[in-house]
Amino acid sequence: LATLAERLEAMPPTTSNASARKRGDPVNLVVIGTFDRILGGFGARWDESETITLATCWKTVKAFLLGANYRYSPVSGLWLFGRTQDIALQRTRHSINERLHLRLWLAPLSFKGQPVWVGQISRDIGVRFTWHAWNLTTHRIDPDVDESRDYVVEDLSLAGRVKAAGYIGGVGVTPRAAPRHNLTGDPWHSDGQRAVILLSPTHAS
């Protein structure tokens, strides 16, 4: 466990753009388990995002204009380990403008034979104009990224899918009075910790 914590704390603190020259959202989540176990753990409560194509972009635009829901709407690519996310999950609320985004990257290590996934979770609270997106709009995230991180721990715990959980060092303390900003300029603040979740192989009682 000590070695695992040391390796995880040495992981990149934030996501980045493709050239790795700009810092993005904090890497605030670690999930340990197979791909099938991840999908089973998040279950029907979360949806796997579709890839970005002309068809899915058009569906996204229509949902945005109508204020409708689009459960499988594609998410933009963030970069970690030199690539975009391996898994993208989301949990929508009232409309496409309000949803939780979860991105996971397969990390170059394992724990007791189980894959380790490092990720980023944030909550959309609206949309705004930006020059950084193809459609000139982007989702505005809740600055309190810790709330989204802790929500995932609670959600999986209530579903009986957590064998063990804890927190380790991550991006470092970022106070509310001096926030950092992601790639599209949204501010965020954090206690700097990463949640680490070891998934249960079966539904725990």
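## Briefing: strands, cores and confidence

Ile87 has Leu104 as its bridge partner in β8. That pairing comes from a predicted model, in which local features need pLDDT of at least 70 and side-chain atom pairs count only at pLDDT 80 or more, while totals for chains, interfaces and linings use all residues. Residues are numbered from 1 along each chain as its sequence is written, and side-chain values use heavy atoms, with hydrogens and water left out. The chain's secondary structure comes to 4 helices and 14 strands; helices (H or I, at least four residues) and strands (E, at least two) are DSSP runs, numbered from the N terminus.

**Confidence**

- The chain has a mean pLDDT of 83, with 75% of its residues at 70 or more; pLDDT is the predictor's confidence in each residue, from 0 to 100.
- Strand β3 (residues 29-32) has the highest confidence in the chain, at a mean of 98, and helix α3 (residues 54-66) the lowest, at 55.
- Where pLDDT is low, the predicted coordinates should not be read in detail.

**Overall picture**

- Of the chain's 205 residues, 47% count as buried; buried means under 20% relative accessible area, exposed over 50%, and partly exposed in between (1.4 Å probe, protein chains only).
- About 10,100 Å² of the chain is exposed, and carbon and sulfur atoms supply 57% of that area. Accessible areas come from the Shrake-Rupley method with a 1.4 Å probe, and for residues only the protein chains shown count as cover.
- Among contacts in the chain with a separation of 6 or more, 62% join residues 24 or more positions apart; a contact means heavy atoms within 4.5 Å.

**Strands β7 and β8**

- Strand β7 (residues 87-92) pairs with β8 in the antiparallel sense over 6 bridges; two strands pair if DSSP finds at least two bridges between them.
- Thr92 stands opposite Arg99 in β8.
- In β7, 5 of the 6 residues are buried, and the strand is mostly covered.
- Strand β8 (residues 99-111) has 10 of its 13 residues buried, so β8 is largely enclosed by the rest of the structure.

**Strand β9**

- Ser122 lies in strand β9 (residues 114-129) and is buried, with a relative accessible area of 3%.
- Neighbours within four places in sequence aside, Ser122 contacts Arg99, Leu100, His101, Ile141 and Ser148.
- Gln114 is also in β9, and this residue is buried at a relative accessible area of 18%.
- Not counting residues up to four places away in sequence, Gln114 touches Ile32, Gly33, Thr34 and Arg37.

**Nonpolar cores**

- The largest nonpolar core has 19 residues, and those with the most contacts inside it are Ile38, Phe42, Trp46, Leu102, Val152 and Ile197. At least two of its residues come from each of β3, α2 (35-42), β7, β8, β9, α4 and β14 (193-199).
- Another core, of 17 residues, lies apart from it and includes Met11, Val30, Ile32 and Phe111.
- A nonpolar core is a set of buried Ala, Val, Leu, Ile, Met, Phe, Trp, Tyr and Cys residues joined through side-chain atoms within 4.5 Å.
- Trp46 reaches several elements: residues up to four places away in sequence aside, Trp46 touches Leu89, Gln90, Arg91, Leu100, Leu102, Ile121, Tyr151, Val152 and Asp155.

**Helix α4**

- At 1.5 Å a residue, helix α4 (residues 145-158) with its 14 residues should span 20 Å, which agrees with the 20 Å between its end C-alpha atoms. The expected span of a helix is 1.5 Å times one less than its number of residues.
- The buried residues of α4 include Val145, Asp146, Ser148, Arg149, Val152, Val153, Asp155 and Leu156.
- Gly160 follows α4 and has a positive phi, near 70 degrees.

**Partly exposed sites**

- Pro187 lies in strand β13 (residues 187-188) and is partly exposed, with a relative accessible area of 32%.
- Leaving out neighbours within four places in sequence, Pro187 is in contact with Ile141, Pro143, Pro179, Arg180 and His181.
- The C-alpha atoms of Pro187 and Val145 are 9.9 Å apart, for residues separated by 42 along the chain.
- Ser76 sits in the loop between α3 and β5 (79-80) and counts as partly exposed, at 43% relative accessibility.
- Ser76 and Arg103 are 27 residues apart along the chain, and 9.9 Å separates their C-alpha atoms.
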